[in-house]
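Trainee: I'd like a close look at one part of this model and whatever surrounds it. Could you take me through it piece by piece?

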Amino acid sequence: MSVNILIIEDESGVREMVSFTLKRQGFNIIAAEDSQTGLKILGEIFPDLILLDWMLPDINGIDLARRLKGDERYKDIPIIMLTARGEEDDKIRGLDTGADDYITKPFSPRELGARINAVLRRTSPSHSKDVISISGLTLDQKGHRVHAHNAEISLGPTEFKLLQFLMVHPERVFSRAQLLDRIWGSNVYIEERTVDVHIRRLRKALEPMAYDRMIQTVRGVGYRLSA
Ligand code: CA
C-alpha cells in the first residue's frame, strides 16, 4: 500500500528538496506552505505521516502538533518535526507535545527516509505486513486474498482496496473524501456517494460470515473498521 506524506514547511527550498527526494524513494508527497493550508488538506486527505516544520508563519509547528495530537481525527497520524540546528529546547518541547521524532536541518535525503520508515514501522506495523488479521478476518496484501476463518471471500478490486485500507488503519474514522483520495486517487473525479456503493458491496460480501458488522458507519463523519 502506498504511503502518503504531508509536509508542512514554509521554506520552498526545503519543501521542494524533500518532495523530490521522497518521491524518488516511492512516497506520495503533499506539500503545504503554512499550518492553515496543512489543516485544510487534512480535511480532505489522510496522510500516513506528517513532516512538520517548527517555525511556520501562522500557527507554529509545536502548537499545530499539540492541536493535532489532541484531535480524535488526527491523533494517530505520526509527526516528525523539522527543526533548525541549535533549537535543542524546541526538540524537547516538540517531543513533549506528542511528536514521534524530530530531524535537524540540514538533513540528508537518506537520513530522512530512514527516519520516516522507522517511525512508520513503530506506529503502523500493518503497513509492512504481508498478512493482516483482525478477529479472524485475514487479508493477504501480497496474494490479494481475503479469508474469514478458513473460507475465502471473493471481492472486487475496489472492495479489496477499501478493506485493505481500513484493515491497515483499524479503529480510525475516515470521511468519504479521505477514502476517495486513498482508494481512487486524487486525480479522479468521482462523487462521494460512490464510496457508499462500494461499502455496501463490501458489507454484502462479508455478510455470510457476519463480518459486515466490522464496517461501521459513523454518523456525520464516514466509516470505520472496528474489531
Ligand atoms: Ca520555517
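Which residues of helix 8 are buried?

Mentor: Happy to. This is a predicted model, in which local features need pLDDT of at least 70 and side-chain atom pairs count only at pLDDT 80 or more, while totals for chains, interfaces and linings use all residues. Residues are numbered from 1 along each chain as its sequence is written, and side-chain values use heavy atoms, with hydrogens and water left out.

The buried residues of helix 8 are Val195, Asp196, His198, Ile199, Leu202 and Leu206. Buried here means under 20% relative accessible area, exposed means over 50%, and partly exposed is in between, using a 1.4 Å probe and protein chains only. Helices (H or I, at least four residues) and strands (E, at least two) are DSSP runs, numbered from the N terminus. Helix 8 covers residues 193-206, and its 14 residues should span 20 Å at 1.5 Å a residue, which agrees with its end C-alpha atoms being 20 Å apart. That expected span is 1.5 Å times one less than the number of residues. When you read the list of buried positions, recall that an α-helix has 3.6 residues a turn, so residues three or four places apart point the same way.

Next, the cover. The buried residues of helix 8 are covered by elements including strand 7 (137-140), strand 9 (151-153), helix 6, helix 7 (176-184), strand 11 (215-218) and strand 12 (222-225). Contact means heavy atoms within 4.5 Å.

Strand 11 and strand 12 belong to an open sheet of three strands, in the order 10-12-11 with antiparallel pairing. Strand 10 and strand 11 stand at the edges with a single partner strand each, so one side of each has no neighbour in the sheet. From one strand to the next, the twist averages 30°. Strand 11 and strand 12 pair in the antiparallel sense over four bridges (two strands pair if DSSP finds at least two bridges between them). Within that pairing, Thr217 has Tyr223 of strand 12 as its bridge partner. Helix 7 packs on the sheet by touching strand 10 and strand 12, and its direction makes about 85° with that of strand 10. Helix 8 also packs on the sheet, touching strand 11 and strand 12, with its direction at about 145° to that of strand 11. The axes behind these angles are lines fitted to C-alpha atoms, for helices over the stretch in contact, and the angles run from 0 to 180 degrees between N-to-C directions.

Now to helix 7. It is mostly covered, with seven of its nine residues buried: Gln178, Leu179, Leu180, Asp181, Arg182, Ile183 and Trp184. Their cover includes helix 8, along with strand 1, helix 2, helix 6, strand 10 and strand 12. Gly185 follows helix 7 and has a positive phi, near 95°.

Strand 1, one of those covering elements, has five of its five residues buried. Asn4, Leu6 and Ile8 point one way from strand 1, and Ile5 and Ile7 the other way. Strand 1 runs parallel to strand 2 (residues 28-32), joined by five bridges, and Ile5 has Ile29 in strand 2 as its bridge partner.

Helix 6 appears in the cover of helix 8 and of helix 7, and leads to an aromatic cluster. Rings of Phe, Tyr and Trp (its six-membered ring) pair if their centres lie within 6.5 Å; planes under 30 degrees apart count as stacked, over 60 as edge-to-face and the rest as tilted. By this rule there are three aromatic pairs. The rings of Phe46 and Phe165 have centres 6.1 Å apart and planes at 80°, so that pair is edge-to-face. Phe46 sits in the loop between helix 2 (35-42) and strand 3, and Phe165 in helix 6 (residues 157-168), 119 residues away. The rings of Phe165 and Phe174 have centres 4.8 Å apart and planes at 55°, so they count as tilted. Ring pairs thus join Phe46, Phe165 and Phe174 into a cluster. Phe46 is buried at 3% relative accessible area, and both Phe165 and Phe174 are buried as well.

Finally, His169 lies in the loop between helix 6 and strand 10 (173-175). It is buried, with a relative accessible area of 2%. Beyond its neighbours within four places in sequence, His169 is in contact with Phe46, Asp48, His127 and Phe174.
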